[in-house]
Amino acid sequence: MNIETFLKNKIILAINQLGLKIQDSDIVLEHPKDETRGDYATSAALQHAKKVAMNPRNFAAKIVENIDQKGLAKIEIAGPGFLNFFIAPETLQAIVGDIVALDKDYGRGAAKNQKINVEFVSANPTGDLHLGHARCAAIGDSICRLYEFAGYDITREFYVNDAGAQVGKMGASLRARYLNEFGFDAKVPEDGYHGLDLVDIAKQVKELYADKLIGDTEENMQIFIREGIRLELEKIKRDLADFRVSFDIYSFETDVRKNGKVEQTLQDYREFTYIDNGATYLRTTAFLDDKDRPVVKSDGTYTYLMPDITYHLEKLSRGYDLLVDVLGADHHGYTNRMRSALMMKGYPAEIIDFELVQVVRLMKGDVEVKMSKRGGTTVTLRELSEEVGVDATRYFFVARAATSHLDFDYNLALERSASNPVFYAQYAHARLCKLLETGTDIGLDISASNLREPSEVNLLKHLQELPNTIENCAKTREPYKVASYIQKLAGLTHTFYTECRVIDRDNIQLSQSRLALCKASQIVMRNALNVLGINAPEQM
């Protein structure tokens, strides 16, 4: 049972009976700060009293007269017309049975029949994934997990930028590393890629081709580019898989540029283009942009925007209801130019949305860590995951809003204490599992009919909020709020354990109810952690 829905339906029915037709969105429920004022409160009487020409407090009294109070302990009218609801114990206790019955599906939303494409990471195949990629990976994947659990049809997509100057620089850098393997004093270009990962890739190229690529030819350079892209992408895929991130589709810029697709897109946009100083511009200011954007340079080559438009149109041709791009915060100016380009083809502005992920600093105490131990460059996703663990890395990356800068506290991530939020949550889950194992012979009373203590009631209230939390966080794409839910759940679980004796063989009936609450709490913690891609260990 979802108590908010349960209450809203009662309020709507009562108000409808008084001659005012309202709906779910017209009712706002809140938790009173003072628990003595009830479990839920609403200002509906104050909001709608004028519509029926009544004093708000009198209107509140009429609502109370008409409301079906089954499942409620009482209703109080407070102040100028607030309604405070006290939920009957049996209504809260029934949550336990619902959770245990649904198990892994508790919190899962009904199918929305809405197809959403989420593109994230999309790193150039020119080197290891760094902290910025890592945070985009954690947030993007958590958004997809949220969407899926809420009932949306999700496609995860990685766009491989395998064309252009950057992959050319990677190819030249790889060639230098390859020649070094044969004793040649070749230098990585100054504007090339100096990471030591290319040393490993050069060794693989040597194994594949022996000395056949030593000659300085265009054909050989294309092999370095092709093999470099392939091997870098394989490494990226392995690192992401270890980080519990997978993709349904890998799209390639080189494919987007094939068969005249970009040229055809430019032709299709001719009514929105003009020439200025030899360059072709798109009139994005006619829509949402602050200035028109070049799509063809004066030398005849495309800017990155032109193939990007072609790519996004191709994605939309697959029938998605929404595109979501998870990008670095430096793409702020990109959002409205892409929206404008899609609007030119008749799509609404809201057909695409963006999550702009702010930068990460890795901190050890007050000192920022910038350099990789191995490569002497930026710290990589692989290194951080190996040193502090995938669970802590993922949790820390998503525990703050994507729009907030993140100082990743390396020392805290390693702590095995209540100060470490992921340890605190996982320990709560493991503690519940241990209690359930210890009480196996006692059994569960899923009616939970003996739960009356404040810590039990508070835990029950929080457990029933998971479905709404999932629904709301999916709509707003805010996985950090799931992390907040988890932290509160862990705190309530530890309080319940401290204040209530769960295993009491002198009071089997009470123990059975409390063990049932442990089972429900364990299910909810596991499901919530899974939404963020975090393990729920049974032992710690």
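Before you click on anything, one convention: helices (H or I, at least four residues) and strands (E, at least two) are DSSP runs, numbered from the N terminus. This is a predicted model, in which local features need pLDDT of at least 70 and side-chain atom pairs count only at pLDDT 80 or more, while totals for chains, interfaces and linings use all residues. Residues are numbered from 1 along each chain as its sequence is written, and side-chain values use heavy atoms, with hydrogens and water left out.

**Stop 1: the N-terminal helix**

Select residues 3-17, which make up helix H1. At 1.5 Å a residue (the expected span being 1.5 Å times one less than the number of residues), its 15 residues should cover 21 Å, and the end C-alpha atoms are indeed 21 Å apart. Now add Asn2, which caps the N-terminal end of H1: one of its side-chain oxygens lies 3.1 Å from the backbone nitrogen of Glu4. Just past the other end, pick Gly19, where phi is positive at about 95°.

Which residues of H1 are buried? Among them are Ile3, Phe6, Leu7, Ile11 and Ile15, and Lys8 and Lys10 are on the list too. Buried here means under 20% relative accessible area, exposed means over 50%, and partly exposed is in between (1.4 Å probe, protein chains only). While you look down the axis, remember that an α-helix has 3.6 residues a turn, so residues three or four places apart point the same way.

**Stop 2: the five-stranded sheet**

Next, colour the open sheet with strand order S7-S6-S5-S11-S12, where the pairing is parallel. Two strands pair if DSSP finds at least two bridges between them. Strand S7 (249-252) and S12 sit at the edges, each pairing on one side only. Neighbouring strands are turned by 25° against each other on average, direction ignored. Such angles run from 0 to 180 degrees between N-to-C directions, with axes as lines fitted to C-alpha atoms, for helices over the stretch in contact.

Zoom in on strand S11 (residues 322-328) beside S12: the two pair in the parallel sense over 6 bridges. Pick Leu327 and you'll find its bridge partner in S12, Leu356.

Then bring up the helices against this sheet. Helix H5 (residues 131-150) packs on it, touching S5, strand S6 (153-160), S11 and S12, and its direction makes about 160° with that of S6. Touching means contact, with heavy atoms within 4.5 Å. Helix H12 (residues 334-343) lies across S11 and S12, running at about 170° to S12.

**Stop 3: the three-stranded sheet**

Move on to the open sheet ordered S8-S9-S10, paired antiparallel. Its edge strands are S8 (273-276) and S10 (293-296), each with a partner on one side only. Here neighbouring strands are turned by 45° against each other on average, direction ignored. Strand S9 (residues 279-282) and S10 pair in the antiparallel sense over 3 bridges; select Tyr281 to see Pro294 of S10 standing opposite.

**Stop 4: salt bridges**

How many salt bridges does the structure hold? There are 40, counting a side-chain nitrogen of Lys or Arg within 4 Å of a carboxyl oxygen of Asp or Glu. Side chains of opposite charge can pair when their charged atoms come close.

Start with Glu119 and Lys315, whose side chains meet at 3.0 Å, N to O. Glu119 lies in strand S5 (residues 115-119) and Lys315 in helix H11 (residues 305-316), so this pair ties together parts that are 196 residues apart in sequence. Buried or exposed? Glu119 counts as buried at 6% relative accessibility, and Lys315 is buried as well, at 0%.

Then go to Arg477 and Asp353, with their closest N and O atoms 2.8 Å apart. Arg477 is in the loop between helix H18 (466-476) and helix H19 (479-499), and Asp353 is in strand S12 (residues 352-357), 124 residues away. Arg477 is buried at 9%, whereas Asp353 is partly exposed at 26%.

To see shared partners, select Asp128, Asp197, Glu232, Lys235, Asp239 and Arg382, which salt bridges join into one network.

One more pair is Lys169 and Asp191, at 3.7 Å between the closest N and O atoms. Lys169 belongs to helix H6 (residues 165-181) and Asp191 to the loop between H6 and helix H7 (197-209), 22 residues apart. Lys169 is partly exposed, at 27%.

**Last stop: Lys258**

Finish at Lys258, in the loop between helix H9 (253-256) and helix H10 (261-268). Lys258 is partly exposed, with a relative accessible area of 43%. Draw a distance from its C-alpha atom to that of Ala402, 144 residues apart along the chain, and you get 35 Å.

Definitions and conventions
Polar contact = N/O pair within 3.5 Å; in protein donor to acceptor, adjacent residues only side chain to side chain.
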